[in-house]
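Here are my notes on this model, as numbered points. Please read them with the structure open.

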Amino acid sequence: MKQLCPEWLLVIDMQPAFGSRESPWFVPDYDKCAENVARLVDYFQSNVLFTRFVPPITPQGSWRPYYDQYQFALDPSNNGLWELDPRWRGRLSVASHRFSKWREAAEFIPKNTNLVVCGVATDCCVLGTVLEANDDGRSVQLVSDACAAATSKLHDAALSIYADRAEQLTITNTRKVIGD
């Protein structure tokens, strides 16, 4: 009998920078997404890795004009935006100033596991991470109702991109993952 591979949950960028209404990068459906993330975290227990987006100390290359537009992100008085959401502080996490967090996450997630991904933003950091994980040969289950973007239109557009990766990626929802 074939033994099932263990599963790991990779939670992308659940941070005040995206969940606080005062943040320029506020994601309107963050709280709805966070409810499903919480259910998934409870289900996966210790097999959970969080990522955090953190701005670089000194932006380089294409990041320079990006941070010229988003200078708030480099202001040290906003450092609290880059911590994990208080619900998950103290959990295992990795940080990166890149949109994709796969390089950092891959060191913690064993190669022979089923990878389940959720978080924000569906069209940016989640997308970059999932595509890089696919490039690394990982199959991914994307939990669409545990993801959110700046707008529902962007979320839906990203889901259409994911749908085109059917051989490497499955779009699912929280109920299907946890079996209730």
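1. Start at the strands. F53 stands opposite S96 in strand 3. The model is a predicted one, so please read every value below as computed from it. F53 itself belongs to strand 2, residues 48-53. Strand 2 and strand 3 run parallel, and four bridges join them.

2. Which residues of strand 3 are buried, and which are not? The side chains alternate along residues 93-96. V94 and S96 point to one face and are buried. S93 and A95 point to the other face and are not buried. This is the pattern expected of a regular strand, where side chains alternate between the two faces of the sheet.

3. Back to F53, now for its ring. F53 and W63 form a tilted aromatic pair, with 6.4 Å centre to centre and 45° between the planes. F53 lies in strand 2 and W63 in helix 3, so the pair ties together parts that are 10 residues apart in sequence. Both residues are buried.

4. The aromatic count comes to 18 pairs. Another of interest is W25 with Y66: the ring centres are 6.1 Å apart and the planes are at 40°, so this pair is tilted. W25 sits in the loop between helix 1 (16-19) and helix 2 (30-44), while Y66 is in helix 3 (residues 63-69), so the pair ties together parts that are 41 residues apart in sequence. Their exposure is worth noting. W25 counts as buried, at 12% relative accessibility. Y66 is partly exposed, at 23%.

5. Both pairs feed into one aromatic cluster. Its members are F18, W25, F53, W63, Y66, Y67, Y70, F72, W82 and F99. I would colour these ten rings together when viewing the model.

6. How many disulfides does a search of the whole structure find? Zero. Two cysteines show why. The sulfur of C118 has its closest cysteine sulfur in C147, 6.1 Å away, which is too far for a bond. For C124 the closest is C125, at 4.2 Å, and that is also too far for a bond. A disulfide would need the two sulfur atoms within 2.5 Å. The surroundings of C118 and C124 can be stated too. C118 is buried, with a relative accessible area of 0%. C124 is partly exposed, at 26%.

7. Helix 5 spans residues 125-135 and is mostly covered, with eight of its 11 residues buried. The buried ones are C125, V126, L127, T129, V130, E132, A133 and N134. Just after the helix, G137 takes a positive phi of about 90°.

8. Take two neighbours within that helix: are T129 and G128 buried or partly exposed? T129 lies in helix 5 and is buried, with a relative accessible area of 1%. G128 also lies in helix 5, but is partly exposed at 24%. The cut-off matters here, because buried means under 20% relative accessible area.

9. What does T129 touch beyond its neighbours within four places in sequence? The contacts are L10, I12, F99, S100, K101 and W102. One of these, F99, is also a member of the aromatic cluster. W102 can be placed against G128 as well: the two are 26 residues apart in sequence and 8.2 Å apart in space, C-alpha to C-alpha.

Conventions: Residues numbered from 1 in each chain as written. Predicted model: local features only at pLDDT ≥ 70, side-chain atom pairs only at ≥ 80, totals over all residues. Heavy atoms only, no water. Buried < 20%, exposed > 50% of the residue type's maximum accessible area, 1.4 Å probe, protein only. Contact = heavy atoms within 4.5 Å. Phe/Tyr/Trp six-rings, centres within 6.5 Å; stacked < 30°, edge-to-face > 60°. Pairing = 2+ DSSP bridges.
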